[in-house]
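Ready to get to know a new structure? Grab a pencil and try these three exercises, each with its solution worked out underneath.

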Amino acid sequence: EKMTPHDLSTPPSPAQDPEEVRLRKMNRRAKVIHELVQTEKDYLTDLELCIREVVQPLRNLQVVDVDRLFTNMETVCEVSAALLHRLNEAMADPDPEAVVIGEVFIQAKAALEDVYKIYCYHHDDANMSLKTYEKEEEIKQHFTTCVLALKGKPNLLDMGSLIIKPVQRIMKYPLLLRELWQATPEDHPDCRPLQEAFTAAKIINVNINEFKRRKDIVMKYKRLEDEGTLRGKLHKFNIHSIRKKGDRFAGFLKILTGVEPQVRDEVFDREEKLFRSLEKAVRLLVKNVQCYLQYVQEMVSVSVQNVQDMQNIVKEQNKNGINGTLHSNGHDPYKHFKDSMERLVLAPLSSLQGMFTAPQKLIQKRYDKLLDYCSRLERSSSFSSSSSSSTTASSASLVSEDPPGPARRDYEALNALLVEELQRFNMAAYTILTNCVVYLVALLRGLMDKMLLLSPSIQQLPAPLSNMAEVQNSIMDMLNNLTFVKDNAQRLMERKVSFERQRDKKTAVPEVQHQTEEQRAWLLAEHPLNRLYQLKRKCNGCQEQDLSLLEGELVALLEDTDPLGSSSRWLVHTGGKCTTGYVYSTFLKQYNPLRDSQRAAQMVKEQQHQQPPVMVDEDFDDLSLFVSGSGSSSLRSFNLNTTDSSSTLSGLQGETESPEEVEMSVDAENEQFYAVYAFQARCDQELTLEEYQHVRILQFSDLGGNKDWWLAESNGQKGYVPANYLGRMSYA
């Protein structure tokens, strides 16, 4: 209301001369222009004095955060100096009719809004910091010294009067321009520019207030998030909050089901999608880089040893010492790589990852306010439609045009803030992410280059032959013709064949009796259908109290756990006398009488027509039937594996598993292992085993981390055994 133009001058009487009225207005206009220029000059002098006597000394002392206390006062001073210079240039014309002040402010509108918006935005923070600083006597004494250096300025009494001057000045521009516009005759060339300048000054103040209000809303919800303790949430739990959350949920369901259209902002939706993508990319890149550094650190020691071994093979002994010094000196390429990776890649990405939390909460709050706004809008429209039946059309239109209230203002403020700041945030985050990826590639390339420079012998290796496979096969044939290699290979093959025969004899399973129709009928009569199960495939009992059953036989479930509490072994009844025992649940499937009758009819029909059986879907219920963990009885390839403890022959493929596979897929306390081959201990730390002897694995590696040797226990004795001498027992 104060900024609304009011013509307070007394309207000219008919007796007054128009020339006299115009002359009076021109005299008043000259006084207003003089006041405008003089106040701007005094304001600029105060700013320069404040910067010279207060800001600079405090910045040199480094006792307070000057940028937080005075924000961008130096920039405000520069804009004010430029404005005063333009005003002086406009007044340089001696003809009062040619002086145009409005154009000066129209041209300075963007600069004024930019600098004063930032200053007013941080003014509250500056006041809070000032109150905090004044509680400390030492800092307060510095403030007093700086204020006394202002040479007795009557309008600069304390620090508070210093930091509020720019706020007061930007609010004074609309008042001065309005008064100047009213004092300018309508036929003056400055009348229309002054009107536009007055409107621009009002818009600047409105934008500053709106910008500050957005900040207040953000700080409000940020403060609520920080204080979101259980007591605080219970304190806010009332009828109003319940109703508000209920309205939000109802609105969400209406939008989700398509009852009501969703209010969309294309710019916000695009920026939010990019924001989510950047957050995911940064999070995954941080995780991958951390895992990569961890794996590389574990691999470096082994890789260095491999390089040295390769050098020992390729180079001559007298040249090996020269290259060894390159690895043993203080220039460790991996250490420099790791430090650079953490400093140039991980540190910026981790900092950026932590910055995504606050915008995510604000985006969620924006959706909540959007639901509140839609709910108020719906309630307002329903109220206007109900009131139209009892009131006139004009009153109904007034009700419908009533704004929804704070919900709309909060939503529009949050949406405008997010649209503006998400664009800048996404651009900055994309730049940081791109730079980190570029640094990552450059560091990896640099590491490879340094490693190649430290290993010149690797660069001097001959090019691989085109017929490498043929050359290797010919060399292998030559090795096989050697006497000691041929004898050992033959002995190993004979040992394998002997082991296969003995295993076949030992693991022979006695013939299983078929289930009779009487037993099947007894089970159907005594037990409900939900307790009946059918064998999916043949099952051989391997433990005490285990049952051996055939495919298709019917059993009744008595208990779904064994005495040790395992849910994988079930206690079942087969229908005969003393035929209660345990069966693994993976061999069973729920009994379906309809499927059983259909299959029986199909079998009868096939026997009558002498046709091959037709496979049904249930025949492939368990695909694990076709994927067996045990190997075939055929002789497979073998290789020579040299370990740190001894030179041993690895187990045949299919019979024994690698240490990594066993450690990843087997629990040592639930699985049984046995000796595939007999092993004779050569020292006290090793354990002697006989063929087929059961063992329990205590550790899948030795003390040095070598997984080729396992710590085993059998018959109360402990010791290390080659991992390729052991096999896993499986009930499948």
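**Exercise 1.** Work out whether N592 counts as buried, partly exposed or exposed, then describe its surroundings.

*Solution.* Keep in mind that this is a predicted model. Start with the relative accessibility of N592, which is 32%. Buried would need a value under 20%, and exposed one over 50%, so N592 counts as partly exposed. Next, find N592 on the chain: it sits in the loop between β5 (588–590) and α23 (593–609). Now check its side chain: one of its polar atoms lies 3.3 Å from the backbone nitrogen of L594. Finally, look further along the chain: L529 is 63 residues away from N592, yet their C-alpha atoms are 8.1 Å apart.

**Exercise 2.** Do the same for D190: is it buried or exposed, and what does its side chain pair up with?

*Solution.* D190 has a relative accessible area of 0%, so it's buried. You'll find D190 in the loop between α9 (165–182) and α10 (191–226). Its side chain makes a polar contact with the side chain of R29, at 3.0 Å. Skip the neighbours within four places in sequence, and the contacts of D190 include R29, V99, I101 and T184.

**Exercise 3.** How do the axes of α3 (residues 73–90) and α5 (residues 109–121) cross?

*Solution.* First, the axes come within 10 Å and cross at roughly 155°. Angles over 145 degrees count as roughly antiparallel, so α3 is roughly antiparallel to α5. Then the handedness: α3 passes α5 in a left-handed crossing. Last, who touches whom? On α3 it's M73, T75, V76 and V79; on α5 it's A111, L112, V115, Y116 and Y119. Sorted by class, that contact has 8 nonpolar, 1 polar and no charged residues.

Definitions and conventions: Residues are numbered from 1 along each chain as its sequence is written. This is a predicted model: local features need pLDDT of at least 70, side-chain atom pairs count only at pLDDT 80 or more; totals for chains, interfaces and linings use all residues. Side-chain values use heavy atoms; hydrogens and water are left out. Axes are lines fitted to C-alpha atoms, for helices over the stretch in contact, and angles run from 0 to 180 degrees between N-to-C directions. Helices (H or I, at least four residues) and strands (E, at least two) are DSSP runs, numbered from the N terminus. Angles under 35 degrees count as roughly parallel, over 145 as roughly antiparallel, 65 to 115 as roughly perpendicular and the rest as oblique. A crossing is left-handed if the near helix is turned anticlockwise from the far one by less than a right angle, and right-handed if clockwise. Contact means heavy atoms within 4.5 Å. Ala, Val, Leu, Ile, Met, Phe, Trp, Tyr, Cys and Pro count as nonpolar, Asp, Glu, Lys and Arg as charged, and the others, Gly among them, as polar. Buried means under 20% relative accessible area, exposed over 50%, partly exposed in between (1.4 Å probe, protein chains only). A polar contact is a pair of N or O atoms within 3.5 Å; within protein, one must be able to donate a hydrogen and the other to accept it, and residues adjacent in sequence count only if both atoms are side-chain atoms.
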